[in-house]
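The following exercises are intended for a reader who meets this structure for the first time. Each task is followed by a solution that proceeds step by step.

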Amino acid sequence: MAKPKIATASLAGCFGCHMSILDIDERILKLIELVDFDKSPINDFKEFTGRCAIGLIEGGCANEDNVHVLRDFRKHCDILISVGDCAINGDIPALRNNIPLKECLEEAYLNGPSVYNPEKTIPNDKELPLCLDRVYPCHEVVKIDYFLPGCPANAEIIWQALVALLTNKPLELPYEMIKYD
Amino acid sequence: MSDQITFTIDGVEVKAKPGQTIMQAADEAGIYIPRLCYLPELTAHGSCRVCTVIVNGKPQTACTQPVAEGMIVENDTPELLEHRRNLVDMLFVEGNHLCMFCERSGNCELQAMAYRLGILAPKYPYFYPDKPLDSTHKDIFLELNRCILCGRCVNASADIDGKGVFGFVGRSIDKKIAVNSDKNLGDTNMAVTDKAASVCPVGSINKKGTAFKIPYGQRLYDQKPIGSDIENKK
């Protein structure tokens, strides 16, 4: 029987939660026995090759590309997990959420104290994904099945969750493992 | 009149003195009733509703309800757990509670309550409100993004410090903490030694220069859930 597949993506995150996935250390060898990696920055697969059992999402949705990727994951994954605080509440990227987008862009490209921009343009190439009006937690865009908090979500909680799901056992997280920081 | 009252919490017999609240009797008996606004040294006002228990079939706040002979109190039930989770969820989405860079993380009662209640993510949509940070005082800063309107600072400043530095203004969703000056906290007579400076359950009132002193793993609620100290009395 073919091994179940896992896919991962980093949206508006810092890749810290992906570092946490690598932080399971030598257990990654055990993980490879349990699963195959599909679309993921870990193997650099850009597109899905088929249906996946689990999708791990790091980061919230800050632009239209994030939304596109997230919806693609929802379409291809049986179980979708928000990993880390950015996916769950937007976190640092969401600090812009109570400032109008126009003001953010003007501060970044026109008015900021260290900005050098003689043409006075805000990048608007059509290849660039459009910024959303604010940063959205993943579960406000698609249905998310499970949440693993933390900044980053620590390796242990990711490992325990994956093993429980892949071996069809209930997930019991000890108190010390649930952290929002 | 007898000088001892007997009642039950979740079927366990508890002895109390007349005039005590359910919360005081439970604390002495080693039974933890979750709470956010209650502090033993301040006047209880039942504002956060997290300590709601069912008394003879009716919801009451344990911090304000006096004990009575034979009363039947329910505390640790699936319904009350759900009620408390909903309250804490709402507090999280109404403010900007970004634990990852908060000075109080690990020592925060709101965060610890969410851990204890097993909340992995709030179920309501986030508000992302626009709230100010007041760092005008030389020793203290006031970060309203994290305020849960528990009222501890209001009570402590008025009743213990005798200053009345803090007060509530506005109603409902617009309700907020204000300081008693024309401008900012720096223009009040608040001192870092005031009781009001050390009662905040979250990272709203902070003493400058004290952040991140305790390493991750050794903070107040890193290993043991909030309320363990009370439960260990049993």
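**Exercise 1. Determine how far apart in sequence the contacting residues of chain A are, and describe the chain as a whole.**

Solution. Step 1: consider the contacts in chain A between residues at least 6 apart in sequence; of these, 76% join residues at least 24 apart. The model is a predicted one.

Step 2: list the secondary structure. Chain A contains six helices and seven strands, and their order along the sequence is β-α-α-β-β-β-α-β-α-α-β-β-α.

Step 3: turn to extent and burial. Along the principal axes, the C-alpha atoms of chain A occupy a box of roughly 60 × 35 × 30 Å. Of the 181 residues in chain A, 45% are buried.

Step 4: examine the surface and the charges. The exposed area of chain A is about 9,600 Å², with 56% of it supplied by carbon and sulfur atoms. There are 18 positive and 28 negative side chains in chain A, and 5 Å separates the centres of the two sets.

**Exercise 2. Describe chain B in the same steps, and explain why it is as compact as a globular protein of its length.**

Solution. Step 1: the secondary structure of chain B consists of five helices and ten strands.

Step 2: compare the radius of gyration with the globule rule. For chain B the radius is 18 Å, close to the 17 Å that the rule gives for 234 residues, so chain B is as compact as a globular protein of that length. Its C-alpha trace spans about 55 × 40 × 35 Å along the principal axes.

Step 3: consider burial and contacts. In chain B, 50% of the 234 residues are buried. Among contacts in chain B with a separation of 6 or more, 63% are between residues 24 or more positions apart.

Step 4: examine the surface and the charges. Chain B exposes about 11,300 Å², and carbon and sulfur atoms account for 52% of that area. Its side chains include 27 positive and 28 negative ones, and the centres of these two sets are 3 Å apart.

**Exercise 3. Establish how many disulfides the structure holds, and why A:Cys61 and B:Cys102 form no such bond with the closest cysteine.**

Solution. Step 1: the count over all chains is zero disulfides. The cut-off needed here is that the two sulfur atoms lie within 2.5 Å.

Step 2: take A:Cys61. The closest cysteine sulfur belongs to A:Cys138 and is 4.9 Å away, so it is too far for a bond. A:Cys61 is buried, because its relative accessibility is 0%.

Step 3: take B:Cys102. Its closest cysteine sulfur, in B:Cys108, is 6.3 Å away and therefore too far for a bond. B:Cys102 is also buried, with a relative accessible area of 9%.

**Exercise 4. Identify which residues of helix 4 of chain B are buried, and what covers them.**

Solution. Step 1: locate the helix, which comprises residues 152–160 of chain B. Its buried residues include B:Arg152, B:Cys153, B:Val154, B:Asn155, B:Ala156 and B:Ser157.

Step 2: find the cover. Within chain B, the elements covering these buried residues include helix 3 (109–116), strand 8 (166–169), strand 9 (176–179) and strand 10 (205–207).

Step 3: follow the chain past the helix. Just after helix 4 of chain B, B:Gly162 has a positive phi of about 65°.

**Exercise 5. Locate the unusual backbone angles in the loops of both chains.**

Solution. Step 1: recall the background. Most residues other than glycine have a negative phi, and most peptide bonds are trans.

Step 2: inspect the peptide bonds. A:Cys151 and A:Pro152 are joined by a cis peptide bond with omega of about -5°. A:Pro152 lies in the loop between strand 7 (146–148) and helix 6 (155–166) of chain A.

Step 3: inspect phi in chain A. A:Asp44, a residue other than glycine, has a positive phi near 65°. A:Asp44 is placed in the loop between strand 2 (36–37) and strand 3 (52–58) of chain A.

Step 4: inspect phi in chain B. B:Ser172 is not a glycine, yet its phi is positive, at about 55°. B:Ser172 belongs to the loop between strand 8 and strand 9 of chain B. This serine is exposed, because its relative accessibility is 67%.

**Exercise 6. State where B:Lys213 lies, and whether it counts as buried or exposed.**

Solution. Step 1: B:Lys213 is in the loop between strand 10 and helix 5 (228–231) of chain B.

Step 2: the relative accessibility of B:Lys213 is 62%, so the residue counts as exposed.

Step 3: relate B:Lys213 to B:Asn184. The two are 29 residues apart along the chain, and their C-alpha atoms are separated by 27 Å.

Methods. Residues numbered from 1 in each chain as written. Chains lettered and ligands numbered in written order. Predicted model: local features only at pLDDT ≥ 70, side-chain atom pairs only at ≥ 80, totals over all residues. Heavy atoms only, no water. Buried < 20%, exposed > 50% of the residue type's maximum accessible area, 1.4 Å probe, protein only. Helix = DSSP H or I, 4+ residues; strand = E, 2+ residues; numbered from the N terminus. Contact = heavy atoms within 4.5 Å. Areas by Shrake-Rupley, 256 points an atom, 1.4 Å probe, with all protein chains shown as cover. Lys, Arg positive; Asp, Glu negative; His and termini not counted. Charge placed at Lys NZ, Arg CZ, Asp CG, Glu CD. Rg over C-alpha atoms; globule rule 2.2 N^0.38 Å.
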